[in-house]
Amino acid sequence: MPSDDRGSNEASEDRSAAEDRSSNEAAREVVRLEPWTGPWADDDPDANFKAEVALYALVDPLTTIEVLSANVGVPVGALCRYVLARWASGGSGGLLELGPSMVQRLWDVCERAEVDATDEARLAAYDQLRQMLSWLHMPLVDPAGYGDDAP
């Protein structure tokens, strides 16, 4: 029957597509952990980040991951995936925790200081940010702000 042939062909195509995806995913998941120490230009806008990458080039992260894997019974690859995913999504998580309006309020303080572009404006911005963060930090260190029913 022609309809049986079509179903068989579609199933074969689905299997081929799944095999292609599987081989692409397997190739994508192999990462070489390579130490990198530079170089970078003095005026590189990412110099601070690159210096930190170079600093961590001296550390073998697999030692910690392998010990953790043995202790908790989670495969090394799963832990590596978790660590990378958690780090890579940290900015989004921070945004969700603070909320877009608070992030914008904090950013506005910095932006105003940069418009003035003076040390005095930047010091005033630092003081304002410190006060704003102090207000956000207070419930973590002083439950008095919640009254007698503090968590």
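# A tour of the helices, loops and salt bridges

Start by selecting Glu34 and Arg32: the two form a salt bridge, with their closest N and O atoms 3.6 Å apart. Both Glu34 and Arg32 are exposed. The model on screen is a predicted one, and the structure holds five salt bridges. Two further examples come up later in the tour.

**The whole chain**

Zoom out and colour by secondary structure. The protein chain has seven helices and zero strands, so the cartoon should be read as α-α-α-α-α-α-α along the sequence. Switch to a surface display next. The accessible surface of the protein chain comes to about 12800 Å², and 57% of that belongs to carbon and sulfur atoms. Of the 151 residues, 11% count as buried. Among contacts in the chain with a separation of 6 or more, 19% are between residues 24 or more positions apart.

**The loop between α1 and α2**

Select the loop that follows α1 (2-28) and leads to α2. Pro39 lies in this loop. Show the backbone at Gly38 and Pro39: a cis peptide bond joins them, with omega about 10°.

Move along to Asp44, which is in the loop between α1 and α2 as well. What does the side chain of Asp44 meet in a salt bridge? The partner is Lys50, and the closest N and O atoms are 2.5 Å apart. The pair is also joined by a polar contact of 2.5 Å between the side chains. Is Asp44 buried or exposed? Asp44 is buried, because its relative accessible area is 16% and the cut-off for buried is under 20%. Lys50, at 24% relative accessibility, counts as partly exposed.

**A nonpolar patch on the surface**

Stay with helix α2, which covers residues 47-56, and pick Val53. Val53 counts as partly exposed because its relative accessibility is 32%. Now add Trp36, Phe49 and Trp87 to the selection: with Val53 they form a nonpolar patch on the surface. Together the four residues of the patch have about 450 Å² of accessible area.

In soluble globular proteins, nonpolar side chains tend to be buried together. The core further along the tour offers a view of buried nonpolar residues.

**Helix α3 and what it touches**

Select helix α3, residues 61-72. Two buried residues in this helix are worth displaying as sticks.

- Ile65 is in α3 and is buried, with a relative accessible area of 11%. Leaving aside neighbours within four places in sequence, Ile65 is in contact with Val76, Leu79, Cys80 and Val83. For a backbone distance, pick the C-alpha atoms of Ile65 and Gly77: these residues are 12 apart along the chain, and the atoms are separated by 9.0 Å.
- Ser69 is also found in α3, and with a relative accessible area of 14% it is buried. Ser69 touches Val74, Pro75, Val76 and Leu79, again not counting residues up to four places away in sequence.

Val76 and Leu79 appear in the contact lists of both Ile65 and Ser69.

**The largest nonpolar core**

Which residues make up the largest nonpolar core? Select Met102, Leu106, Val109, Ala113, Ala121, Ala125, Leu129 and Met132 to display its eight residues. Helices α6 (100-116) and α7 (119-141) each supply at least two residues of this core.

Centre the view on Leu129. Not counting residues up to four places away in sequence, Leu129 touches Leu106, Val109 and Cys110.

**Between α6 and α7**

Ala117 is in the loop between α6 and α7. Its phi is positive, about 55°, although Ala117 is not a glycine. Ala117 counts as partly exposed, at 45% relative accessibility.

Finish with the charged side chains here. Glu114 and Arg122 meet in a salt bridge, 2.9 Å from N to O. Which residues are linked with them in a network of salt bridges? Adding Asp119 to the selection gives the network of Glu114, Asp119 and Arg122. Glu114 counts as partly exposed because its relative accessibility is 45%, and Arg122 is likewise partly exposed, at 34%.

Conventions. Residues numbered from 1 in each chain as written. Predicted model: local features only at pLDDT ≥ 70, side-chain atom pairs only at ≥ 80, totals over all residues. Heavy atoms only, no water. Patch = residues over 30% accessible without salt bridge, like charges linked within 9 Å, V, L, I, M, F, W, Y side chains within 5 Å. Areas by Shrake-Rupley, 256 points an atom, 1.4 Å probe, with all protein chains shown as cover. Helix = DSSP H or I, 4+ residues; strand = E, 2+ residues; numbered from the N terminus. Buried < 20%, exposed > 50% of the residue type's maximum accessible area, 1.4 Å probe, protein only. Polar contact = N/O pair within 3.5 Å; in protein donor to acceptor, adjacent residues only side chain to side chain. Contact = heavy atoms within 4.5 Å. Core = buried A, V, L, I, M, F, W, Y, C linked by side-chain atoms within 4.5 Å.
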